[in-house]
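Let us take a friendly walk through this structure. Have a look at it first, and then we can go through it step by step.

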Protein chains: 2
Amino acid sequence: MHIVDMNSQILHENERIAHENKHVFEKHGLFVTNLMSAPGAGKTSVLEETIKRLKSQYKMAVIEGDLQTSIDSERIEAMGIPSHQITTGTVCHLDARMVHNALHDFKLDGNDLLFIENVGNLVCPADFELGEDLKVMVFSVVEGAEKPKKYPVMFHEVEVVLLNKIDLIPYSGVSLEELEKNVKEVNPKAVIFPISCRTGEGIENWIEWFKNKISNK
Amino acid sequence: MHIVDMNSQILHENERIAHENKHVFEKHGLFVTNLMSAPGAGKTSVLEETIKRLKSQYKMAVIEGDLQTSIDSERIEAMGIPSHQITTGTVCHLDARMVHNALHDFKLDGNDLLFIENVGNLVCPADFELGEDLKVMVFSVVEGAEKPKKYPVMFHEVEVVLLNKIDLIPYSGVSLEELEKNVKEVNPKAVIFPISCRTGEGIENWIEWFKNKISNK
């Protein structure tokens with residue numbers, strides 16, 4: 001079978017810039033989280049719920065990635081958090097250079113946390129290091145329990161999997177147990193939190209883990 | 001902003017092979033449908049519902065695209081329909097060459113319809129012509145009403161948008177009206193069918209339109 005060349009030169013160049021980003025993040029004492037998911041899994045909602053609960057304790061900034069519009073960035077700024085929108089046009093992921101350029105528009109000093117909300121895509125973003133400390137994946141349970149097997153790449157790359165929209169489980173016919181089993185099969189080390197951004201269920205468990213992670217950096 | 005080069009040479013080569021595919025499809029009198037969506041929107045379920053209703057009238061075959069596993073292909077074969085699974089590894093879309101190579105494994109003669117179920121991805125598959133007659137997009141309403149604005153590329157490329165999982169609308173807080181408005185804004189010509197593969201609602205409307213499309217080719 002013919003496989004389109006992912007262009008290892010692009011990936012190599014990306015790694016170099018990601019390394020530079022990491023250096024910048026460390027110099028400014030920033031803990032950086034890369035949030036990834038398929039479109040509509042609830043990345044921005046997870047961000048909103050997380051920001052709400054950490055706002056009094058940490059200074060935060062957000063980089064938003066989308067093909068078009070600044071809808072997500074506006075949602076974040078409505079919470080009083082500085083946000084920079086990257087619109088990628090037709091490009092299906094953020095790369096380290098896009099993040100690097102976005103940093104020029106930020107005051108990095110004085111912030112504790114930077115969230116990068118990647119473009120909604122279950123495949124490509126996992127291939128591009130951004131210089132982050134933590135990779136978090138949001139997965140909507142409504143997408144089906146077999147998805148970790150069919151799209152293992154991102155599940156394999158991340159440290160945390162947030163299984164969102166569990167409030168829809170009674171209506172969707174998806175088994176949370178089977179889904180968790182499939183995540184563990186692809187990535188036995190994954191930390192899994194079933195959550196619902198609509199009802200708030202499970203969010204505190206994620207927040208507690210996240211705060212521990214930040215303080216143990 | 002730096003944009004990763006999509007490599008126009010790859011796209012040009014893809015178009016050449018797509019043209020060859022088209023020629024092969026026409027020679028064998030096949031009507032070919034390319035089904036695209038984000039992961040978990042319900043492409044395979046749409047296929048199952050469609051096959052069920054057209055089985056007595058047409059001879060059909062299916063090409064399935066996924067990163068890993070043959071789960072989808074097995075679902076189709078369980079219905080007595082020949083299916084070929086393409087596993088792309090880390091590649092986030094089908095290209096014309098993959099489809100071309102898959103054709104070698106099929107008996108094309110004697111079939112009326114070929115369905116190609118693309119890799120679950122709301123961005124990249126829209127860039128790769130496969131030689132198909134019809135591009136159909138499945139969109140899960142649970143992914144949110146603003147998605148057509150944020151990810152316009154695929155909505156813009158397709159002739160039909162199937163808004164799936166409408167049975168979850170009462171529980172998801174998504175407005176079908178707003179979603180339809182946003183699809184129309186991105187693609188005023190799009191034919192839209194709200195459907196539910198779980199309850200069967202709306203499927204007959206899609207089937208009727210599809211049968212007309214086939215007979216008017």
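Two residues are in contact when their C-beta atoms, placed from the backbone, lie within 7 Å. In chain A, 73% of the contacts with a separation of 6 or more are between residues 24 or more positions apart.

A word on what you see: this is a predicted model, in which local features need pLDDT of at least 70 and side-chain atom pairs count only at pLDDT 80 or more, while totals for chains, interfaces and linings use all residues. Residues are numbered from 1 along each chain as its sequence is written, and chains are lettered from A and ligands numbered from 1 in the order in which they are written.

The C-alpha trace of chain A spans about 50 × 45 × 35 Å along its principal axes. Buried residues, those with 20 or more other C-beta atoms within 10 Å of their own C-beta atom (exposed ones have 12 or fewer, partly exposed ones fall in between), make up 49% of its 217 residues.

Now turn to chain B and its helix α9, residues 203-215 (helices are DSSP runs of H or I with at least four residues, strands are runs of E with at least two, and both are numbered from the N terminus). Its buried residues are B:Ile203, B:Trp206 and B:Phe210. Seen down the axis of α9(B), these fall within an arc of 65° (taken from the directions from the helix axis to the C-beta atoms), so they line one face of the helix. An α-helix has 3.6 residues a turn, so residues three or four places apart point the same way. Among the elements covering the buried residues of α9(B) are α2 (43-54), β6 (160-164) and β7 (191-194) of chain B. The face turned away from the buried side of α9(B) carries the exposed residues B:Glu208, B:Asn212 and B:Ser215.

Finally, the chains meet: 43 residues of chain B are in contact with 43 residues of chain A.

Methods
Expected span 1.5 Å × (residues − 1).
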